[in-house]
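Work through these exercises with the sequence and the model open. Try each task before you read its solution.

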Amino acid sequence: MHTKSHILAAVRQAPLTIAQLCSQLGITRTAVSLQLKQLVAAGHVRASHTPRIGQVGKPSIAYEAAAGTEDIDSLAYQPLFTALLAQIKISHGEATMLELLENTGRNMARSSIPSNLSEPEDKIQAAMAVADALGASTQLVKQADGTFLISNHTCPAATSARAEARVCHIFASFFAEATDCKVLEKCARNERIQCHFQIEAPARITKQIKKIKS
């Protein structure tokens, strides 16, 4: 059975109508239409009107791959990133590598987290949503001491983190910048990598906890 990936691969070559896709892939019009609708909704395919040369009537609709989908199925990023980090460490030293990782994480947060958020938990949820969009599956636990623990069992950079543990520094810096709080990286790197980032309670919350205890 042909999947959306087959349709996407076909329209990467050239714009195709539904009839042309049916003929090329050997599937029904209903199946093509359903999967095209999903691809268009996801922003992976766009429709364009093709004039009927020498024919009367409405222009036919052809479908083509949207810009930015060229590498949607790429498996190159983690190996390339791992090799790049190794080269930076060799050429410039571990301190420079760590500085680059931290700056990368903080810049990611500045460009992706809304600046109008004021509540700590809203900032944390927004940061988790960005991480999930990158392939994570984050969970949040508010602990008794007022700290928050973000856990994730599907590390988006697991391949690179196995080769270079300091990769997790990107995500620690990302959460620190996003929440404006101190973040402690407590990732477990055993047979399976499990991400854990402890976010220390903001000063306002810490003061409230101390007042309650006293």
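The model is predicted, and the protein averages a pLDDT of 88, with 88% of the residues scoring at least 70.

**Exercise 1. Confidence**

Task: Find which helix has the lowest confidence and which has the highest.

Solution.
- Step 1. Start at the low end. Helix 9 (residues 203-213) has the lowest confidence, at a mean of 46.
- Step 2. Check the residues there. The pLDDT is below 50 over residues 205-214. Beyond near neighbours in sequence, this stretch has four contacts in the model.
- Step 3. Go to the high end. Confidence is highest in helix 5 (residues 94-112), at 97.
- Step 4. Draw the lesson. Where pLDDT is low, predicted coordinates should not be read in detail.

**Exercise 2. The overall fold**

Task: State how many helices and strands the protein has, and what percentage of its residues is buried.

Solution.
- Step 1. Count the elements. The protein has nine helices and seven strands.
- Step 2. Look at burial. Of the 214 residues, 35% are buried.
- Step 3. Look at contacts. Take those between residues at least 6 apart in sequence: 51% of them join residues at least 24 apart.

**Exercise 3. Helix lengths**

Task: Compare the span of helix 8 with the value expected at 1.5 Å a residue. Then do this for helix 6.

Solution.
- Step 1. Helix 8 has 12 residues. The expected span is 1.5 Å times one less than the number of residues, so 16 Å is expected for helix 8.
- Step 2. The end C-alpha atoms of helix 8 are 17 Å apart, which agrees.
- Step 3. Helix 6 (residues 120-133) has 14 residues. From first C-alpha to last, helix 6 reaches 20 Å, close to the 20 Å expected.

**Exercise 4. Burial in helix 8**

Task: Is helix 8 mostly covered or mostly uncovered? Follow Cys 168 as an example.

Solution.
- Step 1. Helix 8 is mostly covered, with 10 of its 12 residues buried. Among them are Ile 170, Phe 171, Phe 174 and Phe 175.
- Step 2. Cys 168 belongs to helix 8. Its relative accessibility is 2%. The cut-off for buried is under 20%, so Cys 168 counts as buried.
- Step 3. List the contacts of Cys 168, leaving aside neighbours within four places in sequence. They are Ala 161, Glu 185, Cys 187, Arg 189 and Phe 197.
- Step 4. Add a distance. Cys 168 and Lys 186 are 18 residues apart in sequence, and their C-alpha atoms are 9.3 Å apart.

**Exercise 5. After the helix**

Task: What is the sign of phi at Asp 180, and is Asp 180 buried or exposed?

Solution.
- Step 1. Place the residue. Asp 180 lies in the loop between helix 8 and strand 5 (183-185).
- Step 2. Read the angle. Asp 180 has a positive phi of about 60 degrees, although it is not a glycine.
- Step 3. Read the accessibility. Asp 180 has a relative accessible area of 65%. Exposed means over 50%, so Asp 180 is exposed.
- Step 4. Look at helix 6 too. Just after helix 6, Gly 135 takes a positive phi of about 115 degrees.

**Exercise 6. Empty space**

Task: Describe the largest cavity and the largest pocket.

Solution.
- Step 1. Count cavities. There is one of 30 Å³ or more. The largest cavity holds about 80 Å³ of space.
- Step 2. Find its walls. The lining includes Ala 131, Thr 138, Asn 152, Phe 175 and Cys 195. Strand 4 (148-152), helix 8 (168-179) and strand 7 (193-199) each give two or more residues to this lining.
- Step 3. Sort the cavity lining by class. It has nine nonpolar, two polar and no charged residues.
- Step 4. Turn to the largest pocket. It holds about 300 Å³ of space. Its lining includes Tyr 77, Gln 78, Met 108, Ser 160 and Ile 170.
- Step 5. Find the elements. Helix 4 (77-92) and helix 8 give two or more residues to the pocket lining. Helix 4 has the largest share, three residues.
- Step 6. Sort the pocket lining by class. Nine residues are nonpolar, two are polar and none is charged.

Technical notes:
Residues numbered from 1 in each chain as written. Predicted model: local features only at pLDDT ≥ 70, side-chain atom pairs only at ≥ 80, totals over all residues. Heavy atoms only, no water. 1 Å grid on protein atoms, 1.4 Å probe; cavity = no way out; pocket = protein on both sides within 12 Å on 5 of 7 lines; lining within 4 Å. Points joined across faces, edges and corners; volume = space filled by probe spheres on them. Helix = DSSP H or I, 4+ residues; strand = E, 2+ residues; numbered from the N terminus. Nonpolar A, V, L, I, M, F, W, Y, C, P; charged D, E, K, R; others polar. pLDDT = per-residue confidence, 0-100. Contact = heavy atoms within 4.5 Å. Buried < 20%, exposed > 50% of the residue type's maximum accessible area, 1.4 Å probe, protein only.
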